[in-house]
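Subject: Structure for your review

Dear colleague,

Please find the structure below, handed over for your use. My findings follow it.

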Amino acid sequence: MTQPGPLPSSLRLVREVPRRSPDRPLTVGRVLVAMLASTMLTGMVFGPRISRHYGVSKGDIAEATVTKYAREAYPSWRNAHPEQHCPARLELLTDYMNTRDIIDPWGNDYQMFCGHHGIVVRSLGEDARANTEDDLWSNQ
C-alpha cells in the first residue's frame with residue numbers, strides 16, 4: 001500500500017496553530033495586564049448599571065430611616081419622657097436607633113417637625129432642596 005501524498009492546500013480543513021515560542025514565556029506582567037483589561041471592560045459595561053442601583057438604594061435607606069425615626073424611635077423616646085411632647089433635637093432620638101447618624105445618604109441633615117400627633121421626619125433627597133419631588137417624608 002502506498003502512502004498518499006500531502007493534500008493540496010485547498011483541501012486542508014485544519015490549519016496548524018503556531019506554538020508559543022520559548023523566548024516569549026507567559027509572565028506575571030502579561031497576566032496582570034490581561035486582568036486589568038478585563039476589569040476595565042467589566043467596569044465600563046456594568047458600572048452604569050451598578051450606579052443606578054446604588055442611587056435607588058440610597059433612597060431606600062433614607063426612606064427606611066425617616067420611617068424608623070417617626071414610628072419606632074419617637075414612640076420609645078415618648079415612653080421614656082412622658083412629660084415632654086416633642087424632643088428638642090433629632091439627636092435625642094438616636095438613642096433609640098441602631099445608628100447615631102443624623103445625616104441622610106446624600107450628606108444632608110434629616111429634618112424633624114413636631115405636631116399634635118407626633119413627629120414627621122424628612123430627608124431632602126438627592127437634590128438637597130426642600131419641598132421638591134425627591135423629598136422623603138416619614139408620614140407617606
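Which pattern does the chain follow, read along the sequence? The pattern is α-β-β-β. Please note that this is a predicted model. The secondary structure amounts to one helix and three strands.

Overall figures

The chain has 140 residues, and 21% of them count as buried. Its accessible surface is about 11,000 Å², with 57% of that belonging to carbon and sulfur atoms. Where contacts in the chain link residues at least 6 apart in sequence, 40% of them join residues at least 24 apart.

The sheet

The three strands make an open sheet in the order S1-S2-S3, and the pairing is antiparallel. Strands S1 (111-115) and S3 (136-137) are at the edges with a single partner strand each, so one side of each has no neighbour in the sheet. As general background, strands of a sheet pair through backbone hydrogen bonds, in either a parallel or an antiparallel manner.

Taking the pairs in turn, S1 and S2 run antiparallel and are joined by five bridges. One residue pair to look for when viewing the model is Gly 115 with its bridge partner in S2, Gly 118. These two strands, S1 and S2, form a hairpin, and two residues lie between them. Strand S2, residues 118-123, also pairs with S3 in the antiparallel sense, here over two bridges. On that side, Ser 123 has Leu 136 of S3 as its bridge partner.

The disulfide

How many disulfides does the structure hold? It holds one, formed by Cys 86 and Cys 114, whose sulfur atoms are 1.3 Å apart in the model. Cys 86 is in the loop between H1 and S1, whereas Cys 114 is in strand S1, so the pair ties together parts that are 28 residues apart in sequence. Both cysteines fall into the partly exposed class: Cys 86 because its relative accessibility is 22%, and Cys 114 because its relative accessibility is 42%.

The helix and its contacts

Two residues of helix H1 deserve a separate description. Is Gly 59 buried or exposed? Gly 59, which lies in helix H1, counts as buried because its relative accessibility is 17%, and the cut-off for that class is under 20%. Leaving aside residues up to four places away in sequence, Gly 59 touches Trp 106 and Leu 136. Leu 136 is also the residue of S3 that serves as bridge partner to Ser 123. In addition, the C-alpha atoms of Gly 59 and Pro 105 are 7.8 Å apart in space, while the two residues are 46 apart in sequence.

The other residue is Val 28, found in helix H1, which spans residues 28-80. Val 28 has a relative accessibility of 62% and therefore counts as exposed. Which residues make the nonpolar surface patch? Val 28 contributes to it together with Leu 26, Val 31, Leu 32 and Met 35, and the patch covers about 500 Å².

In summary, the chain combines one helix with three strands, the strands form an open antiparallel sheet, and a disulfide between Cys 86 and Cys 114 is present.

With kind regards

Technical notes: Residues are numbered from 1 along each chain as its sequence is written. This is a predicted model: local features need pLDDT of at least 70, side-chain atom pairs count only at pLDDT 80 or more; totals for chains, interfaces and linings use all residues. Side-chain values use heavy atoms; hydrogens and water are left out. Patches are made of residues with over 30% relative accessible area and no salt bridge: like charges are joined within 9 Å, nonpolar side chains (Val, Leu, Ile, Met, Phe, Trp, Tyr) within 5 Å. Accessible areas come from the Shrake-Rupley method with a 1.4 Å probe; for residues, only the protein chains shown count as cover. A salt bridge is a side-chain nitrogen of Lys or Arg within 4 Å of a carboxyl oxygen of Asp or Glu. Helices (H or I, at least four residues) and strands (E, at least two) are DSSP runs, numbered from the N terminus. Buried means under 20% relative accessible area, exposed over 50%, partly exposed in between (1.4 Å probe, protein chains only). Two strands pair if DSSP finds at least two bridges between them. A disulfide is a pair of cysteine sulfur atoms within 2.5 Å. Contact means heavy atoms within 4.5 Å.
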